[in-house]
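Here is a short report for a first look at this structure. It starts with one pair of strands and works outward.

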Amino acid sequence: NFKAYFRKIAEKKSSLEEVRSIIKKIGNDFPWLMEIDHDGGMFHKNALHQAAWKGDLETISLLSETGKSFGLDLVNTISEGVGNYGKTPIFYSITQCRDDSVRLLLSLGANLLVVNNKGQTPSSLAGSHLQKATCDLLYQTEKEQLQNGRSFVNYRSTHSDKMSYGDIDPRYGIDDDNISSDIEEELEIFRPNKNLVKSAEADTRYEFPRSVRATTYENRHKKRNKGTGRQIKNDEIWDNASFIRKKSHHGSSELRDVPDDLELLTLNGIFGNDETKWTVVDDMMSLDTLSNIIKDVDTSASPNIWGLDCEWQPNSSSGDKNPVSTIQLSTSENAFLIDVQFFCQTGKQPNLAMTEHEMLLSKILCRIFENPESVIVGFGISSDMEKLVASFPHVPCFRIFNSAIDLLPLAHAVFPQVPKSQIGSLQKNVSFFLNKHLNKASQCSQWQCRPLTVAQVEYALLDAAVLPMLFSSIIGEHSGNNKYRNRSIIKISSFKKCYRFTPFSSTESTTLVGYDVCMGSVKDILGLKVAKQTWPSSRKDLPPIPEEVPILLGGSSVAQIINSRAEENLRKRKNVSISSNSLSCAYESLPCPGTETGNSKVACIKSLLGKSFSDSISSRINISFPKGGGTIDLSNCSLLFIQLASSQRNVRKYRNVFSENGRKVTFTLNKHSQAAKLLLCSNSSSLKNPLYKEQSNASEKVFLFLRKNSKFMFCGECKAVKSSVSSGNSLTTDLELVAFEVLMNNTHQSPFQKMVVKHMQNIRGECSTHIDKGCKKRTSEPSSNGKRITFNVKYLEIDRSSIPEVGNIVGSNKEECIKSVLKRDVEAKLKDGVMLFFRRRWRFSSMSNGFLLYMTSGQSIYKEEYRVKFLEGGRHLELVANTQTEDGYAFIRELAMFENHEVNMPQLNSDVLIPKLPIFLYIRPLGKQKHFVFCGECKILSKKWSSNSNLVIMLELLNF
């Protein structure tokens, strides 16, 4: 499990510090951590393969150097999976189009004389994945390695998977499985005689191409145009290649898979072929150029519109704090990329003394940002401004912007009839309004590395240069476009806003501090408290500058502020904000579990602070915390909030499911949050994580609040008994209520139990009641548009008394299979216009008390994950679940085959866990117009991994 966790961390970008921390903790066991399983285990790749795939240069260098200290050549370690045998880390960087990672691995001594089990070499893959300069470097390095007396290692000849692939090296990859007419046609132009053998070693009178059957954009579309279906054996090659290309834009300067109907947006397309129109400002001479352009723009009669954008090192988790690396400014005539890493210090203190470079840069930029006549336009511009002031709080030019317009709400306001999904990002806006394609390939590249690549410079300049064009297009200057016929008439001036940011020095004072902010709020950005104020540009009276206010018992400081505000006639805003994470829970005066604490989360927070302290806080003090989340952090504890379902319709995305009569409940939260760390580190938790040891505190606790209708109920402390990473940064935990007996109050009708029972009824649904209502509505109020009423099968129950006899034919589709296990009265009601809802492409259906599993027999099925093998005369059958597909992942999770639900790192050595709910099997032969046969109940006998993602499951038919 720890090895799998380390691999997962290594495949994330910007995870250098976390990887370094693990290496430090593991010490001399580092070789074990990087081992490859040679006996068919689940670890076919190590962390360096993952880092090379993701393109994290720092992690690649760290792992390589650490391996050298232990005598390991990790750069040339091969993976040993069924579909990736013989791949060294450079293979993974090439397939993801990462030129920078490839160059780094070459400098670390990567061996290019390797043929993987698909028949590919690094040089054969490079042509369709890398820039020309990088390809030339690969070819030259391969030539030098051959001249030094080294030879190729051919894993296609020893570990071939008998499949056909693209990007084949014709010297070693062409065999009976890879050869076909398309390869023969490609080789024809290189052969003086058709009868020459295919081996390059047998005849060297002619030159072979670098690769054949290249997975380029044009070749894939040629293949698709030949028709659909599986008449050609290599169709799968092109589909897989297309899928990989769409995922592998990071780190490549070339556009891959551009939509056919949109032209690529380039700097030449915006400014013509005049390269003097864009400038990289990374020295004093180029800074003078920027200053002169600003003077010309200020004196010109044309509209003074500036596009603003920023780039910074991508974050792998919410805990990373990376400052801004570049600022991009652009007018309709010129674009500038300012390298703030060169000009500015990164110290995060507002009182830091400025250097001469910083003072000059600030003076120049103030002429843009503080000028009311200069309109700053951006896409999500507020976040760029926040990041700027938090990165360089001592530079005054980033503190005030006198006239700024965010194009995202402007586009939604001008075109309310356009779905937000079509104009929800800068790339989509460019496509919709300008009919151009904006390449975002370099968005997640390494912005802290210098020098910047040509691709990074062009990407950053384009992001700013397109903003003035986009602004003009949105407000309708191109009125000839049909898109603008139905646009709303609005005042553009109403979208002009002033932004003022006030950073506060981070002090370790024991005094409780609040923030007096008029027309704004305080945010924690990059570990710095920043007050953000926003007001219309047309407002004449400016709000006062925010201040720090010591919170004293009795609220005397707050009273002074209110009196001073009264003199300034600013009574509309009299409140002072105080962050929740600066407050402490009073453990000695906690409310009794089961007590209603109030209608709001603020009331819940105050109930934990102690009565004397809560009463002393003035009503003019606002407790600030992240809105919209289910967790709130105090200085010594975390609070979890669950909104119970008041009806079946408002069940939320992350459903909180109770078990054991309410003793346990599921909860989903961010794995990087303070609450997650407390749950996984507390002494009461059985899921301690060694990586969080230094951040845990035995005195910190997690408390739970439930709300059904209006008021929250305090449920006391909770602890985690099971957890799993469901997707991305989401952590799903099973919480156990420590004060469960107190909540039950020794009765079966306690308020807590009533809430839980009603919540579970709303989640599961009383199928008969809901179906009756649906049928009644269908009969009395027929729909004019002919829509049918749907009902989710996960709320239906399997009736054992109604299941068909084993061996009976039940129907030709899955819906008939579901109806065959329902109660007769329920099945009859379903015929009156109620349609069942379930995942029709999935191989199983999850019902409230069991699972239905659908299998198709036949060895000629093309994809491995759909093959079923019968053993012992049909008593046992073997199926494959691919965890990288939504179907396969859900199949393993729903059937609860692993105690910790960690699909990516299962406990293979543990005993087989039988699912708590029964599994009923339906099988039908391969082909159309075939019917399902009910095979009765089955159980899981064993499971094993055949690759990193394929889990082989053995089932036994109990009614054989």
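## A pair of strands

In this predicted model, strand 13 and strand 14 run antiparallel. Six bridges join the two. Strand 14 covers residues 528–536. Within the pair, Lys523 stands opposite Val530 of strand 14.

## The sheet around the pair

Strands 13 and 14 belong to an open sheet of nine strands. The order is 4-7-6-5-8-9-11-14-13. Pairing in this sheet is mixed.

Strand 4 (278–281) and strand 13 (520–525) stand at the edges. Each has a single partner strand, so one side of each is left without a neighbour in the sheet. On average, neighbouring strands of the sheet are turned by 30° against each other, direction ignored.

## Helices on the sheet

Helix 15 packs on the sheet and spans residues 284–299. This helix touches strand 4, strand 5 (305–312) and strand 7 (335–339). The direction of helix 15 makes about 130° with that of strand 4.

Helix 21, residues 454–474, also packs on the sheet. Its contacts include strand 6 (324–330), strand 8 (375–378) and strand 9 (400–406). Helix 21 touches strand 4, strand 5 and strand 7 as well. Its direction makes about 150° with that of strand 5.

## The whole chain

The chain holds 31 helices and 35 strands. Of its 960 residues, 52% are buried. Take the contacts between residues at least 6 apart in sequence: 69% of them join residues at least 24 apart.

The accessible surface of the chain comes to about 45000 Å². Carbon and sulfur atoms account for 49% of that surface.

How values were computed. Residues are numbered from 1 along each chain as its sequence is written. This is a predicted model: local features need pLDDT of at least 70, side-chain atom pairs count only at pLDDT 80 or more; totals for chains, interfaces and linings use all residues. Side-chain values use heavy atoms; hydrogens and water are left out. Two strands pair if DSSP finds at least two bridges between them. Helices (H or I, at least four residues) and strands (E, at least two) are DSSP runs, numbered from the N terminus. Axes are lines fitted to C-alpha atoms, for helices over the stretch in contact, and angles run from 0 to 180 degrees between N-to-C directions. Contact means heavy atoms within 4.5 Å. Buried means under 20% relative accessible area, exposed over 50%, partly exposed in between (1.4 Å probe, protein chains only). Accessible areas come from the Shrake-Rupley method with a 1.4 Å probe; for residues, only the protein chains shown count as cover.
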